[in-house]
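Here is my note on the model you sent, set out as numbered points. Please read it with the coordinates open.

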Amino acid sequence: MNDIGVRDAAAPAAVQDVDVVVIGAGQAGLSSAHHLRRVGFEPDRDFVVLDHAPRPGGAWQFRWPSLTYGKVHGMHSLPGMELTGADPARPSSEVIGAYFEEYERRFDLRVRRPVDVHGVREGDGGRLLVETSAGTWSTRAVINATGTWDRPFWPRYPGQDTFRGRQLHTAVYPGPEAFAGQRVIVVGGGASGTQHLMEIAPYAAATTWVTRSEPVFREGPFNENWGREAVAMVEERVRQGLPPRSVVSVTGLPMNDAIRQARADGVLDRLPMFDRITPTGVEWDDGRRVDADVILWATGFRPAVDHLAPLRLREPGGGIRLEGTRAAADPRIHLVGYGPSASTIGANRAGRAAVRDVRRLLAGAPVPSAAPNSVSSSVTSALSSSGVPA
């Protein structure tokens, strides 16, 4: 083991047996690992945490430098260790990366990285096989905490391949200085799209904001009723086996002074979605056109769960139906940070809920049906007390 409590990902000589494999070491994975330790599971002996990233920090380590910690909304501490005294002017990737690193060390979670999980499939005797770049683990349960960062969503539009300028996604956003003197089209009505626009506008020759639907800006505090309604909508989609939407996609965008000023300045003057992309820009069927040097797709992400495909968990609607955190089609599989728990608050609580059910499963005890809103109710309560949407 090295000096930060992270085990090198040397390939095991043979299939290794553990009770639980945690896939992913972001907020959801570390929360799950912490709760496993709290109830008596030992790392390497009883469970293992696998992470494909090169260092601690989850998806936060890949965030753009201009996203400082002071701009982060709703970052909640991991269980058992508060994040305090962080410099708001420091990049969030550095602040949260250092925090996750210390968390792994303090609780001796022995994360193995970099490890790519290629597939999870049926093994012998009711066990699962987790096949990875560092060998294979045989396990009785899997807690999947892979998030969405590795699956940026790129919509397709006619003529997209003909564009002579540059196209990039939020996942590789380099910061506003890279767009100096350029004409930039930002596509997407979420928090990332508005943040990109407000950063880029002072540097760019021109910016254009395009969204599929009219953005909704919310005035006033984020109260419990609002939170309950938003989380319930996300949870209902997951219960029906539909692909989840993020909580923030149904809460709308919080109005603040920066947003008000950007709207007054015309930076957040939204246009409807264009109909095609041309070599020099975009066009609408009504004859309108905008020339551009860059199209920045702030169009979100999809759950990174392709490695679970051999288990055939997806429903006809395209999502994985959950009961609480466990897959309805296979109680050995738990998804944390998915659907209603895809926030820093929700991931903490989902990790605890998953471990509780995994303990019952391994003990041979019946796993009770998930109470309605069992995860989302705690998420909503925490959201309303924080005043910040997930």
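1. Is F179 buried or exposed? With a relative accessibility of 0%, F179 counts as buried, where buried means under 20% relative accessible area, exposed over 50% and partly exposed in between, with a 1.4 Å probe and protein chains only.

2. Some conditions apply throughout: this is a predicted model, in which local features need pLDDT of at least 70 and side-chain atom pairs count only at pLDDT 80 or more, whereas totals for chains, interfaces and linings use all residues. Residues are numbered from 1 along each chain as its sequence is written, and side-chain values use heavy atoms, with hydrogens and water left out.

3. As for the chain overall, 50% of its 390 residues count as buried, and its secondary structure comes to eight helices and 20 strands (DSSP runs numbered from the N terminus, with helices being H or I of at least four residues and strands E of at least two). The exposed area is about 17,000 Å², of which carbon and sulfur atoms supply 48% (Shrake-Rupley method, 1.4 Å probe; for residues, only the protein chains shown count as cover).

4. Turning to aromatic rings, there are 10 aromatic pairs, counted for Phe, Tyr and Trp (its six-membered ring) when ring centres lie within 6.5 Å, with planes under 30 degrees apart called stacked, over 60 edge-to-face and the rest tilted. The ring centres of Y173 and F179 are 5.9 Å apart and their planes meet at 15°, so this pair is stacked. Y173 is buried as well, at 4% relative accessible area, and elsewhere Y99, F100, Y103 and F107 form one aromatic cluster.

5. Two arginines deserve a look: the charged end of R302 sits over the ring of F153 at 3.9 Å from its centre, and that of R288 sits over the ring of W284 at 5.1 Å from its centre. The criterion is NZ of Lys or CZ of Arg within 6 Å of the ring centre and within 35 degrees of the ring normal.

6. An open sheet is formed by five strands in the order 8-17-9-10-13, with parallel pairing (two strands pair if DSSP finds at least two bridges between them). Its edge strands, each pairing on one side only, are strand 8 (166–169) and strand 13 (270–272). Strand 8 is joined to strand 17 (residues 294–297) by four bridges, and Q167 has I295 as its bridge partner in strand 17.
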